[in-house]
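Work through the exercises below with the structure open beside you. Try each task before you read its solution.

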Amino acid sequence: MKEIMLHLARCNGCLSCAVACAIEHSESKTLLGAVLENSKPRLSVEPFLDRAAPVMCRHCTEPACVDACMAGAMQRDEATGLVTNEGPGQQCVGCWMCVMACPYGAIIQETVPEKKALKCDRCPGREIPACVQACPNAALVFEEPGRFAAEIRRGSLVGLTASGPTEQGRG
Ligand code: SF4
């Protein structure tokens with residue numbers, strides 16, 4: 001199953017992903033409309049060392065937010081693997097238990113027009129999530145984690161080859 005993956009070194013904190021997320025989750029699907037609607041992004045771009053990184057829901061296999069939600073609003077769809085509080089019959093009451101339980105701080109509090117926990121829903125109806133499509137640096141990619149890891153491995157081997165064997169490596 002494809003996941004939103006991050007090439008950390010490529011992110012320059014431009015916020016394009018956050019803007020695209022807010023637009024995608026607005027009624028109008030336009031930048032001006034999103035501003036007027038006060039549409040919030042469902043991810044946040046955080047400073048990290050001398051860089052930045054977007055933080056969003058990982059759609060955990062055993063989600064702490066689902067266990068914490070006393071209203072039963074936060075649920076994991078076993079077929080898609082998506083964790084949301086917005087499906088049919090899922091009524092979020094804004095108690096913030098999921099916010100407290102999420103180990104990644106990936107759940108956002110909306111208070112206006114109503115108290116509601118906001119989180120990544122992977123943009124239903126889109127082949128590629130809006131944040132991924134908007135990233136100008138290809139820092140965000142939507143692919144199988146195994147494939148992503150293979151790409152990282154290949155990149156690290158290229159780095160090793162370029163720098164040559166270490167003293168330790170020569171035995
Ligand atoms: S759009 Fe890409 S480069 Fe810009 S903040 Fe988001 S992940 Fe980083």
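**Exercise 1. Locate Pro-113 in this predicted model and state the form of the peptide bond from Val-112 to Pro-113.**

Step 1. Find strands E6 and E7 (116–118). Pro-113 sits in the loop between them.

Step 2. Read omega for the bond from Val-112 to Pro-113. The value is near 5°. The bond is cis.

Step 3. Compare with the general rule. Most peptide bonds are trans.

**Exercise 2. Decide whether Glu-110 is buried or exposed, and list what Glu-110 touches.**

Step 1. Place the residue. Glu-110 belongs to strand E6, residues 108–110.

Step 2. Take the relative accessible area, which is 12%. Buried means under 20%. Therefore Glu-110 is buried.

Step 3. Leave out residues up to four places away in sequence. Glu-110 then touches Lys-40, Trp-96, Lys-115, Lys-116 and Leu-118.

Step 4. Look for Glu-110 at a pocket. Glu-110 is one of the residues nearest the centre of the largest pocket.

**Exercise 3. Describe the two largest pockets by volume and lining.**

Step 1. Start with the largest pocket. Its space is about 270 Å³. The lining has 14 residues. Nearest the centre are His-25, Glu-27, Ser-39, Arg-42 and Glu-110.

Step 2. Sort that lining by class. Three residues are nonpolar, four are polar and seven are charged.

Step 3. Move to the second largest pocket. Its space is about 210 Å³. Among its lining residues are Gln-75, Arg-76, Asp-77, Asp-121 and Pro-124.

Step 4. Sort this lining too. The second largest pocket has two nonpolar, five polar and four charged lining residues.

**Exercise 4. Work out where Met-56 lies and which residues Met-56 touches.**

Step 1. Trace the chain from E3 to helix H3 (64–68). Met-56 is in the loop between them.

Step 2. Check the accessibility. Met-56 has a relative accessible area of 5%, so Met-56 is buried.

Step 3. List the contacts, skipping residues up to four places away in sequence. Met-56 touches Ile-4, Arg-42, Leu-43, Ala-106 and Leu-140.

Step 4. Link this to the largest pocket. Arg-42, a contact of Met-56, is also among the residues nearest that pocket's centre.

Step 5. Set sequence against space. Met-56 and Lys-115 are 59 residues apart in sequence. Their C-alpha atoms are 20 Å apart.

**Exercise 5. Describe how E2 and E3 pair and what happens at the turn between them.**

Step 1. Mark the strands. E2 covers residues 44–48 and E3 covers residues 51–55.

Step 2. Check the direction. The pairing is antiparallel, over five bridges. Pro-47 stands opposite Ala-52 in E3.

Step 3. Look at the hairpin. Two residues lie between the strands. Leu-49 takes a positive phi near 50°.

**Exercise 6. Compare Cys-123 with Ala-138 in phi, place and exposure.**

Step 1. Read the phi values. Cys-123 has a positive phi of about 55°. Ala-138 has a positive phi of about 50°. Neither residue is a glycine.

Step 2. Recall the general rule. Most residues other than glycine have a negative phi.

Step 3. Place both residues. Cys-123 is in the loop between E7 and H5. Ala-138 is in the loop between H5 and E8.

Step 4. Compare exposure. Cys-123 counts as buried because its relative accessibility is 6%. Ala-138, at 35%, is partly exposed.

**Exercise 7. Find out how many residues of helix H1 are buried and what covers them.**

Step 1. Mark H1, residues 16–24.

Step 2. Count the buried residues. They are seven of nine, and the helix is mostly covered. Among them are Cys-17, Cys-21, Ile-23 and Glu-24.

Step 3. Look at what packs over them. The cover includes helix H2 (31–37), E2, E3, helix H5 (130–134) and strand E8 (140–143).

**Exercise 8. Describe the shell around the ligand.**

Step 1. Count the shell. It holds 13 residues. The closest are Cys-11, Cys-14, Cys-17, Cys-135 and Asn-137.

Step 2. Sort by class. Nine residues are nonpolar, four are polar and none is charged.

Step 3. Connect to the helix. Cys-17, one of the closest to the ligand, is also a buried residue of H1.

Technical notes
Residues are numbered from 1 along each chain as its sequence is written. This is a predicted model: local features need pLDDT of at least 70, side-chain atom pairs count only at pLDDT 80 or more; totals for chains, interfaces and linings use all residues. Side-chain values use heavy atoms; hydrogens and water are left out. A residue is near a molecule or strand if one of its heavy atoms lies within 4 Å of it. Ala, Val, Leu, Ile, Met, Phe, Trp, Tyr, Cys and Pro count as nonpolar, Asp, Glu, Lys and Arg as charged, and the others, Gly among them, as polar. Two strands pair if DSSP finds at least two bridges between them. Helices (H or I, at least four residues) and strands (E, at least two) are DSSP runs, numbered from the N terminus. On a 1 Å grid over the protein atoms alone, a cavity is a set of points where a 1.4 Å probe fits but cannot get out, and a pocket is an open set with protein on both sides within 12 Å along at least five of seven lines; lining residues have an atom within 4 Å of a point. Grid points are joined across faces, edges and corners, and a volume is the space filled by probe spheres set on the points. Buried means under 20% relative accessible area, exposed over 50%, partly exposed in between (1.4 Å probe, protein chains only). Contact means heavy atoms within 4.5 Å.
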